[in-house]
Amino acid sequence: MKKPDASAAAATEAVPRFRGRNLPALDRAVITVLPPLLIIAVLLVVTMDPGGAAAAISTARTFVTGNFTWLFILYSLVAVVVCVWLVVSRVGAIRLGGPEARPEHGKFAWYSMLFACGQGIGLIFWSVAEPILLRDENPVVAAGQNGGAEGAMVWSYFHWGFTAWAMYCVVAVCLAYSHHNLGKTLTFREATVDILPQWSQRGAGVVVELLAIIATVLGLATSFGFAAMQFTSGLSSFTGLSPSSGIWLLVILGLGGLTAVSAFFGINKGMKRISELNSVLSIVLLVAVFVFGPTIFLISNITQTFGSFFANFLPMSFWTDAGTAGQGISTWQDSWNGWWTVFIWCWVIAFSPFVAGFIARISRGRTIREFVIGVTVVPSLIVMAWIGVIGSAALHYDDRSDRGISAAVAADTSSGLFVMLESVPVVGSLLLVVATVLVATYYVTSLDSGAHALAEFVSAPRRAGPLFRVVLVASIAAVAVTLLTLGGTAVVDTVQTGTIIGAFPFSFVILVMIANLVRRLLTRTGETERLEREVNDPSSPDAAGGGDATVVERTAPEPPARQPAPVGRAPVPDALARP
């Protein structure tokens, strides 16, 4: 039998076609040059006067916590409501990339990548630390037989589960629909400014992009510093190696080099493979703790705390600590929310630029409904299973060791996971190695995804090459090295807190972007459907001019296009629902 012509069967097509705005030269220069200058200025201020910088940022954090806790709670509720609406309404059937698009990645690879860039490293850090730190103080959840331990688990599920992922998801779907369906660049400015008055769009777009770029660089750099410290803690747990600035430098260089290799080879050959390795090692760690740890207690505690989580989800979602807000606070440390919910929601918002940007990039071909369920429900269940096993085991061994894990976490938060794993019989020593490797690989995937997103922000509509991504990784590593070597952990903590405070103005940007997405979907017409087809049809003569393109391999010819609906016609139901 004659073999089919390979060139005809798998032609390379560049989609989506660029239909966004080419930035004026001045705007592009500002977006390219100003962020490095601002970041250098921040580093100089913080390292030259760390005490003054820490005091100023603490004052800002107190102001935000005391006056705007309600805003962050409201923001999280908006994210949840919008995600639910996207799933249950007819717009959920819209396919990212047009009706003929199909997913570029299998589900296991897709889940692995979005989880690795979203919360992998955070869970490694907090899955033990948060339940331990919260066991003696957690509002809303009634204390049961185990005292505050149940509330500690429930709040940990809440902070790392559905609501946090909904906050990532709603930003990601704004970027994904704007890019894959409307042909805009994969940037915050193009997903946001359409809804603003015409006279303000150019200036607002530059400001929005500057905020996204600076948040991404500083967020990744400070996380790099903490990842280096936690990785060193892991090494110390089974090698006896003492943490020092020299060891931190070597760790940063090693993780940065591995990330640069991954970023150079791209998503399919780099990020995808490391993310899948993350998933496999995470499953191994989880199963080992479950089997060799206190299995009966784990089953019982997970069952009990899952039920308590669902019973308390709405009260926790609306809890603003009104009593404290009414009395006023002298410092953010007077507020429980300042330590926890506001802190974590700000963290999620600050990380939204690169997490959501990367998730949007890898999600072409999925319906909005599939996208939202895949980015919220599935990771939330994984998070709850992870915290349920790891956190419950930590509480169990903490009780058995007369609060030994609590003492270790109080001394060094990053050591909590490793101290707990040492208590697991038979396989504890092996799990220390696995957990240390996971710290490294999860951060590599986070930094890799951040480099891809940052490359889009800076270079769009031109497509960034692999060497440019490597340069971005090196730049972020250099910032991390500067923070650790010049100022140590106190300076890293100060810059990290400052980055989180930056989430306050950025939350308004995201709210405007969400409003723009809702407007776009509710006003979607037959003309919009035709645009989506043209943007994603490389044979369309008037769709040429791309630059911000995603290369997709097709293995079959395009089916005949449906006749476009006339301008102003309402969306055709079967077009919305077609697979």
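Let me begin with one pair of side chains: Arg135 and Asp399 form a salt bridge, and their closest N and O atoms are 2.9 Å apart. Arg135 sits in the loop between helix H5 (120–134) and helix H6 (149–160), while Asp399 belongs to helix H15 (residues 368–400), so this pair ties together parts that are 264 residues apart in sequence. Please keep in mind, as we go on, that this is a predicted model.

Is Arg135 buried or exposed? Its relative accessible area is 7%, and because the cut-off for buried is under 20%, Arg135 counts as buried. The pair is also part of a wider arrangement, since Arg135, Asp136, Asp398, Asp399 and Arg403 are linked in a network of salt bridges.

How many salt bridges does a search of the whole structure find? The search finds 11, and I would like to show you two others.

One of them joins the side chains of Glu456 and Arg361, at 3.0 Å from N to O. Glu456 lies in helix H18 and Arg361 in helix H14 (residues 341–361), so here the parts tied together are 95 residues apart in sequence. Glu456 is buried at 11% relative accessibility, and Arg361, at 18%, counts as buried too.

The other brings together the side chains of Glu527 and Arg530, with an N to O distance of 2.7 Å. Both residues are in helix H21 (residues 526–535), and because they are 3 residues apart there, about one helical turn separates them. Glu527 is partly exposed, with a relative accessible area of 25%, and Arg530 is likewise partly exposed, at 31%.

Let us return to helix H18. This helix has 32 residues and reaches 46 Å from its first C-alpha to its last, which is close to the 46 Å expected at 1.5 Å a residue. H18 is mostly covered, with 28 of its 32 residues buried.

Now to the largest nonpolar core, which has 179 residues, and in which Phe371 and Met420 touch the most other members. Which helix gives this core its largest share? That is H18 (residues 428–459), with 17 residues. As for Phe371, if we leave aside its neighbours within four places in sequence, its contacts are Leu96, Trp110, Cys169, Ala172, Val173, Ile359 and Ser363.

Finally, consider Thr216, which is found in helix H9 (residues 198–239) and is buried, at 1% relative accessibility. Again leaving aside neighbours within four places in sequence, Thr216 is in contact with Pro353, Phe354, Gly450, Leu454 and Phe457.

Methods: Residues numbered from 1 in each chain as written. Predicted model: local features only at pLDDT ≥ 70, side-chain atom pairs only at ≥ 80, totals over all residues. Heavy atoms only, no water. Core = buried A, V, L, I, M, F, W, Y, C linked by side-chain atoms within 4.5 Å. Buried < 20%, exposed > 50% of the residue type's maximum accessible area, 1.4 Å probe, protein only. Helix = DSSP H or I, 4+ residues; strand = E, 2+ residues; numbered from the N terminus. Contact = heavy atoms within 4.5 Å. Expected span 1.5 Å × (residues − 1). Salt bridge = Lys/Arg side-chain N within 4 Å of Asp/Glu carboxyl O.
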